[in-house]
Amino acid sequence: MDFVIPVEPTAASSATAAPSSDDVFSLLRAVIDPELGADIVTLGMVPDVQISPFGAVVVTVKLTIGGCPLRAQIKKDVESRVALHPGVTDVRIEWGEMNSEERSEVMLKARWNAREHAPDTEIPQSCRVLAIASGKGGVGKSSVTVNLAAAVAAQGFTVGVLDADIWGFSVPRLLGIDEPLEALPVEGSEKPKIIPNELTVGRGLTQGTLKVVSTGFLVGEDTALMWRGLMLTKAVEQFLRDVHWGELDYLFIDMPPGTGDVQMGLARMLPRTDMLVVTTPALAAQKVAARAADMARRSFLRVSGVIENMSSFTCDHGQAYALFGEGGGQALADQIGVPLLGQVPLEPSVAAGGDAGTPVSLDGTGAAADVFRSIARRIIDDIAPPTNMAGCSARMLGMVDAALAAKDAERAAQSSES
Ligand SMILES: Nc1ncnc2c1ncn2[C@@H]1O[C@H](COP(=O)(O)OP(=O)(O)O)[C@@H](O)[C@H]1O
Ligand SMILES: [Mg+2]
């Protein structure tokens with residue numbers, strides 16, 4: 001006869017338990033109201049969170065103005081952030097609108113936050129951050145990064161490219177830049193700041209700018225070894241803090257392969273980062289890439305999509321050859337529950353563009369160039385739309401200033417009385 005031994009819940013079963021409200025609030029701290037420049041919890045926009053024993057979460061979000069143009073973005077961010085917890089089965093938002101008293105309270109907080117907590121990084125709050133990751137090297141992560149960054153910039157955006165592959169950098173070569181970076185005095189900072197290398201891309205109305213930073217600009221390809229002693233996370237921190245990025249609509253980060261250090265650092269410094277995972281079509285490669293996605297999840301970074309690179313090569317006669325296998329991208333996307341954003345074919349033009357320092361996504365023809373451009377469009381339209389600052393921000397910030405001026409006057413009056 002078999003005995004059934006009662007067991008204590010294991011770590012595995014407790015991992016899928018419903019989240020606590022602390023868990024939910026800490027996930028919500030990654031949702032930034034880009035207009036007010038702080039997270040929605042700090043701003044007091046989340047008065048209540050309800051969690052059922054089965055993991056259905058209802059988040060109450062109070063908007064400053066009911067018709068706020070950022071509503072859709074906040075909705076998407078709240079849903080996807082809360083869903084990162086493995087015990088969450090459903091996320092719903094109850095919308096509310098602040099009364100004028102609550103509104104001025106929030107705006108005071110926003111300004112106070114901006115004043116007292118100078119942001120840890122030089123990346124503007126309104127900038128969308130996309131980290132391109134893979135489980136291992138050689139899958140085309142750097143090629144994907146520069147091609148997408150260039151294609152997005154060529155739609156009229158200012159796009160930062162941060163080469164976080166400190167020892168294996170290849171961004172300088174892929175973009176044909178070799179000027180060393182300079183640190184110059186900048187207004188509002190005691191220390192001189194590193195000025196990124198700039199590149200103009202696209203033309204006419206949609207001309208944009210790439211701002212590029214890489215250790216390759218600091219050390220030259222030959223002396224990269226000297227950086228071996230440097231902690232990876234420290235280097236990335238420096239790039240986020242000591243570079244004068246200025247205006248940015250997007251920041252693309254070429255992540256080092258494998259390691260979790262940089263992901264953890266990013267999660268701490270830029271918790272709003274969206275991760276795109278690159279994999280080859282081989283079903284075996286997909287396992288390695290899944291590990292990278294898993295690491296992202298554990299550091300609470302959101303994985304927003306999968307890109308398959310080196311998909312089937314089509315010869316001049318129209319015959320397709322799946323040199324590196326088939327199906328890996330879709331399988332990985334299904335496994336982690338995110339969309340497959342595109343399949344970039346294996347094409348000599350990609351490598352040639354890299355060698356020439358001109359990403360094929362700019363003016364190139366052919367399938368690979370088209371796929372890069374279509375993924376860029378999808379990023380702009382759907383995955384990480386640019387933050388629309390044209391909405392209520394000007395009016396709101398005007399109100400904040402008025403409220404603060406009133407407070408300052410009050411305080412001045414009080415201190416002159418005493
Ligand atoms: N779709 C592609 N078609 C042809 N060659 C490619 C493609 N993607 C990448 N490559 C080439 O493969 C090599 C590795 O790409 P790279 O972007 O440096 O990978 P990673 O950054 O993942 O190490 C480079 O020589 C690059 O030119
Ligand atoms: Mg690389």
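I started at a single pair: Asp48 stands opposite Thr60 in S4. A note to self before going on: this is a predicted model.

**The three-stranded sheet**

I followed that pair outwards. S3 and strand S4 (residues 56-63) run antiparallel and are joined by four bridges. I then looked up what packs on this sheet. Helix H2 (residues 21-28) does, touching S3 and S4, and its direction makes about 130 degrees with that of S3. Helix H3 (residues 71-82) packs on the sheet too, with S4 and S5 as the strands it touches and an angle of about 150 degrees to S4.

Next I traced the order of the strands, which is S3-S4-S5 in an open sheet with mixed pairing. Strand S3 (48-51) and strand S5 (90-97) are the edges, each pairing on one side only. I noted an average twist of 15 degrees from one strand to the next.

**The eight-stranded sheet**

Which order do the eight strands of the other open sheet take? I read it as S10-S11-S7-S12-S6-S13-S14-S17, again with mixed pairing. Strand S10 (197-201) and strand S17 (340-345) sit at the edges and pair on one side only. The twist here averages 20 degrees from strand to strand.

At the S10 edge I checked the partner: strand S11 (residues 208-214) runs antiparallel to S10, and five bridges join the two. Val201 is found opposite Gly208 in S11.

Then I looked at helix H5. H5 lies across S10, S11, S14 and S17, and also across strand S6 (128-133), strand S7 (158-163), strand S12 (250-254) and strand S13 (274-279). Its direction is at about 170 degrees to S12.

**Cores**

I wanted the centre of the packing next. The largest nonpolar core has 78 residues, and Ile132, Leu148, Ala149, Val152, Phe252, Val277 and Phe372 touch the most other members. H5 turns up again, giving the most to this core with eight residues. Another core lies apart from it, with 26 residues, among them Ala30, Leu36, Val106 and Ala110. My reminder in the margin: in soluble globular proteins, nonpolar side chains tend to be buried together.

I picked Ile132 for a closer look. Leaving aside neighbours within four places in sequence, Ile132 has contacts that include Lys141, Val144 and Thr145, as well as Phe252 and Leu276.

**Around ligand 1**

Which residues come nearest to ligand 1? Of the 18 around it, they are Gly140, Lys141, Ser142, Ser143 and Ala351. Helix H5 (141-153), strand S14 (302-311) and helix H12 (348-356) are the elements that give two or more residues to this shell. I sorted the shell by type and got seven nonpolar, nine polar and two charged.

**Lys193**

Lys193 has its place in strand S9 (residues 193-195). Is Lys193 buried or exposed? I counted 19 C-beta neighbours inside 10 Å, so Lys193 is partly exposed; a buried residue needs 20 or more. The C-alpha atoms of Lys193 and Arg241 are 8.7 Å apart, although 48 residues separate the two along the chain. Beyond four places in sequence, the contacts of Lys193 include Ala183, Leu184 and His244.

**Helix H11 and the whole chain**

In helix H11 (residues 328-336) I found Gly328, Gly329, Ala331, Leu332 and Ala333 buried. Gly337, just after H11, has a positive phi of about 70 degrees.

Last, I stepped back. The chain has 15 helices and 17 strands, and 41% of its 418 residues count as buried. Of the contacts with a separation of 6 or more, 77% join residues 24 or more positions apart.

How values were computed:
Residues numbered from 1 in each chain as written. Chains lettered and ligands numbered in written order. Predicted model: local features only at pLDDT ≥ 70, side-chain atom pairs only at ≥ 80, totals over all residues. Near = placed C-beta within 6 Å. Nonpolar A, V, L, I, M, F, W, Y, C, P; charged D, E, K, R; others polar. Pairing = 2+ DSSP bridges. Axes fitted to C-alpha atoms, helices over the stretch in contact; angles between N-to-C directions. Contact = placed C-beta atoms within 7 Å. Core = buried A, V, L, I, M, F, W, Y, C linked by C-beta atoms within 7 Å. Buried ≥ 20, exposed ≤ 12 C-beta atoms within 10 Å, placed from the backbone.
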